[in-house]
Protein chains: 2
Amino acid sequence: MTDRVAGPRARPDDLTAKARIRREALHLFAEHGVGATSLRTIAASAGVTVGLIVHHYGTKEALCDAVELEVVDLFAEAIASVPVDDRPAADLVAARDVAVAEMLADNPAVVDYLRRAILHGGGDRKDLVSRLTELTAQQVRDLRTAGLASTRQTVGEQVVTIMVRQLGRLFLQPLVDRIAEEFDDLAGPSRPQLLVTLTR
Amino acid sequence: MTDRVAGPRARPDDLTAKARIRREALHLFAEHGVGATSLRTIAASAGVTVGLIVHHYGTKEALCDAVELEVVDLFAEAIASVPVDDRPAADLVAARDVAVAEMLADNPAVVDYLRRAILHGGGDRKDLVSRLTELTAQQVRDLRTAGLASTRQTVGEQVVTIMVRQLGRLFLQPLVDRIAEEFDDLAGPSRPQLLVTLTR
DNA sequence: ACACTTCCTATACAGTTGTACAGTCTTTTA
DNA sequence: TAAAAGACTGTACAACTGTATAGGAAGTGT
């Protein structure tokens, strides 16, 4: 985390106002999009005033950056949480996939936020996808220098494969669910599941 | 189309102001999202004043509805454009898939708009996904009563399959492209392609 | 006790938003 | 040609936007 260090008024169980602002921003951004979320809405949700948001983050864009940084941190933490003992490479990769999947399951807002961030994309700003790609690429490179990853594909190919595996289903499943909603016989656990693969 | 009938000032080759407004709205909504697009921006792009938008569409939400209706019409037209002669069912379905794919290739803004609309997801309003689902369901039912579609799956299953096949790749491909951008060796035509399938 | 830093509220401001409306053209109808 | 209808502009307005800033409250260090 970027600054979950206990500030002056931080109580042990509760969150700092600064952290609360960031958390509510994440949830509201995920639900309504950045453009459609005003600072006043965030302030109200976090139980503070607009001024405090400005005090802590300066501008709305800086707040967005902080939110994105927190999301990236969540990924990094999930990956770092699995130890790199001398197990086979396939095991390690699978364990990391599981850790990321669990993190995403615990933080549905992250999934929604990511979905939006992906297509909003582009522009000049160094954005979320770039950061996540960088994170994954570093992960792949580490595995390679440790002799744990195949070098028959390029790094790029491996990164794309990993990210699509991790994110692909999450992006498309809501569409499937939305459609399934409209048919009685598709309700329940027998709902169709997506399978996303890559060809070349 | 809903109202491409020639109005008073419609010139043969050009578009009515009303249609121009709708078209620019579609493009701007697709690029920046509905919430981040103001009526004044749309007016400027269409070369009219805000007042005219209000005059023709009343409210911004009504304009959104009109845009969505036009998108649905594009799908319906694409499907209706392939004749239903007595060819095998598989041929017909494939031809319709091609027609839809061509329509989407001709209207990239529709793809971008759809991507946004899908995840913005609904609330109370009868939204785009519902309408497209309805359209596809009708298509499936027609094929069934004509004895051209299998009845071994439920209608719902067939609808989901068709829509995911048609839309799935379009949604995920931008993510792949974005990631591929960051690696030199993934540029060009050999870019990885997605394959989206359904399991049950 | 003091100053000092940090957290936080309140208010203000210029710019933008969606909507409303009065009025002016232009076309159609009769 | 007169009148009715529709297309279109310009201006106005209340509500909301992000940002700025002055000042109070609460903590820490000396």
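**Notebook: two DNA strands, one axis, one cavity**

I began with DNA strand D and found 18 residues around it, the closest being S38(A), L39(A), R40(A), K60(A) and T49(B). I count a residue as near a strand if one of its heavy atoms lies within 4 Å of it. Before going on, I note that this is a predicted model, where local features need pLDDT of at least 70, side-chain atom pairs count only at pLDDT 80 or more, and totals for chains, interfaces and linings use all residues. For bookkeeping, residues are numbered from 1 along each chain as its sequence is written, chains are lettered from A and ligands numbered from 1 in the order in which they are written, and side-chain values use heavy atoms, with hydrogens and water left out.

**Strand D**

I asked which part of the strand faces the protein: of the strand D atoms within 4 Å of the protein, 64% belong to sugar or phosphate and the rest to bases. Next I looked up polar contacts (pairs of N or O atoms within 3.5 Å; within protein, one must be able to donate a hydrogen and the other to accept it, and residues adjacent in sequence count only if both atoms are side-chain atoms). The side chain of S38(A) has an N or O atom 3.1 Å from a phosphate oxygen of strand D. For K60(A), a polar backbone atom is 2.8 Å from a phosphate oxygen of this strand. From chain B, T49(B) puts a polar side-chain atom 2.9 Å from a phosphate oxygen of strand D. The elements giving two or more residues to this surface are α2 (39-46) and α3 (50-57) of chain A, together with α3 (50-57) of chain B. I take helices (H or I, at least four residues) and strands (E, at least two) as DSSP runs, numbered from the N terminus. With four residues, α3(B) gives the most to the surface near strand D. I sorted that surface by class and got six nonpolar, seven polar and five charged residues. Here Ala, Val, Leu, Ile, Met, Phe, Trp, Tyr, Cys and Pro count as nonpolar, Asp, Glu, Lys and Arg as charged, and the others, Gly among them, as polar.

**Strand C**

I then turned to DNA strand C, which has 18 residues around it, with T49(A), S38(B), L39(B), R40(B) and K60(B) nearest. Sugar and phosphate make up 60% of the strand C atoms that come within 4 Å of the protein. T49(A) has a side-chain N or O atom 3.0 Å from a phosphate oxygen of strand C. Two backbone contacts come from chain B: a polar atom of L39(B) is 2.9 Å from a phosphate oxygen, and an N or O atom of K60(B) lies 2.8 Å from one. Here α3(A) gives the most to the surface, with four residues.

**The two copies**

How does chain A map onto chain B? A turn of 180° and a shift of 0.0 Å along the axis lay chain A on chain B with an RMSD of 0.1 Å. The two copies are therefore related as by a two-fold rotation axis. I superposed by least squares on the C-alpha atoms of residues with pLDDT of at least 70 in both copies. In chain A, V196(A) comes closest to the axis, its C-alpha at 2.4 Å.

**A cavity in chain A**

I found three cavities of 30 Å³ or more. A cavity is a set of points, on a 1 Å grid over the protein atoms alone, where a 1.4 Å probe fits but cannot get out; lining residues have an atom within 4 Å of a point. The second largest holds about 80 Å³ of space. Its lining includes F75(A), V100(A), M163(A) and Q166(A). α7(A) supplies the largest share of that lining, four residues. I counted seven nonpolar, three polar and no charged residues there.

Conventions:
On a 1 Å grid over the protein atoms alone, a cavity is a set of points where a 1.4 Å probe fits but cannot get out, and a pocket is an open set with protein on both sides within 12 Å along at least five of seven lines; lining residues have an atom within 4 Å of a point. Grid points are joined across faces, edges and corners, and a volume is the space filled by probe spheres set on the points.
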